[in-house]
Amino acid sequence: MSDDLTFARGILARAERVVVFTGAGVSAESGVPTFRGPGGLWKTFRPEQLATPEAFARDPRLVWEWYGWRRDLVAACPPNLAHVVLARWMLLRGGVTLVTQNVDDLHERGAEEAALGLLREGRLAAAAVNGDEDDLRAAARPIAARAAPIRLHGSLFHVHCTRCGEQREHHGAVDATSETTLPRCAACGGLLRPGVVWFGEALPEGALEAAFAAAAVAHVCLVVGTAGAVQPAAALVDEAAGAGARVIVVDPGKTAYDGMADVRLWGTAGEMVPALLAGSGS
Ligand code: APR
């Protein structure tokens, strides 16, 4: 085991409060494209055409066609080992706040798998579980919620009404053949838009406040799979470091945080996260 890995494990083991900050890289091994890496979405598509409120006002059909494609792609991708091991670690040790820029819900799905696994192993107790699979899944859901991330950029599987503002979960295929087939609000009939934060839009206030509050009191900030290129989310690591937290960065490529990292683990999330958290109860 490398000295860096041993050192990072030691820092984590002694930390009472940890903030974990993730980006597209944590989902790369699930088959979800990143944004700026090789084959990244912004290498192929122009964000100003697809991921701004102006683009949606100009051509909601085109924007929905693209988000429909992304939703179908992501729905077919399984959470990977990094998602599951992170959630297990959070459920078993406590004191960890997970903040993500991702809109793919793979942390949430990884948390469900982790909760199910821990229930099956008898490492977590839950009322009224008699081994029936449906029971087990029902019992796992509230447990998984304890490892759910703070989402700074929304979710592909949420929608907002452009007329009444109603927000809700939304799954399934989107028919983007014409503007008349696009999803509509059940309450007011208004056009629904993807529930993600677009360029030029403010982040959800509650999520941003909760994330920065966790960073301000963290002993360690663990950064996994983000280039740190997009503000204000990217400033979360500066907030933690500024408040005295040790910074551990996991990424196979260069990031904006390399200069401030106390430990730099050059590798993929699927490889490094299990190695980092192994033996710490996960
Ligand atoms: N494991 C860990 N990290 C990886 C892996 C992997 N298997 N593969 C790639 N990476 C790293 C890349 O080296 C890069 O540093 O993941 C990072 C992905 O960076 P970006 O593509 O810039 O994605 P992200 O940082 O999440 O983007 C931030 O920008 O486009 C907006 O709103 C969007 O939330 C997104 C935000």
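The ligand of this predicted model sits in the largest pocket. A pocket here is an open set of points, on a 1 Å grid over the protein atoms alone, with protein on both sides within 12 Å along at least five of seven lines; a molecule sits in one if more than half of its atoms lie within 2 Å of its grid points. Local features need pLDDT of at least 70 and side-chain atom pairs count only at pLDDT 80 or more, while totals for chains, interfaces and linings use all residues. Residues are numbered from 1 along each chain as its sequence is written, and side-chain values use heavy atoms, with hydrogens and water left out.

Around the ligand there are 22 residues, of which Ala24, Arg36, Trp42, Thr226 and Asp251 come nearest (near: a heavy atom within 4 Å). This shell divides into 9 nonpolar, 10 polar and 3 charged residues, with Gly counted as polar.

Polar contacts with the ligand (pairs of N or O atoms within 3.5 Å) involve both side chain and backbone. A polar side-chain atom of Glu29 is 2.9 Å from a ligand nitrogen atom, and a backbone N or O atom of Ala269 lies 2.9 Å from a nitrogen atom of the ligand. At Gly225, a polar backbone atom is 3.3 Å from a ligand oxygen atom. On its own the ligand has 740 Å² of accessible area, and the protein covers 89% of this (Shrake-Rupley method, 1.4 Å probe).

Turning to the strands, β9 (residues 263–265) contains Leu265; strands are DSSP runs (E) of at least two residues. Leu265 counts as buried because its relative accessibility is 3%, the cut-off being under 20% with a 1.4 Å probe and protein chains only. In sequence, Leu265 and Asp4 are 261 residues apart, yet their C-alpha atoms are 7.1 Å apart in space.

Key
Polar contact = N/O pair within 3.5 Å; in protein donor to acceptor, adjacent residues only side chain to side chain. 1 Å grid on protein atoms, 1.4 Å probe; cavity = no way out; pocket = protein on both sides within 12 Å on 5 of 7 lines; lining within 4 Å. Helix = DSSP H or I, 4+ residues; strand = E, 2+ residues; numbered from the N terminus. Buried < 20%, exposed > 50% of the residue type's maximum accessible area, 1.4 Å probe, protein only.
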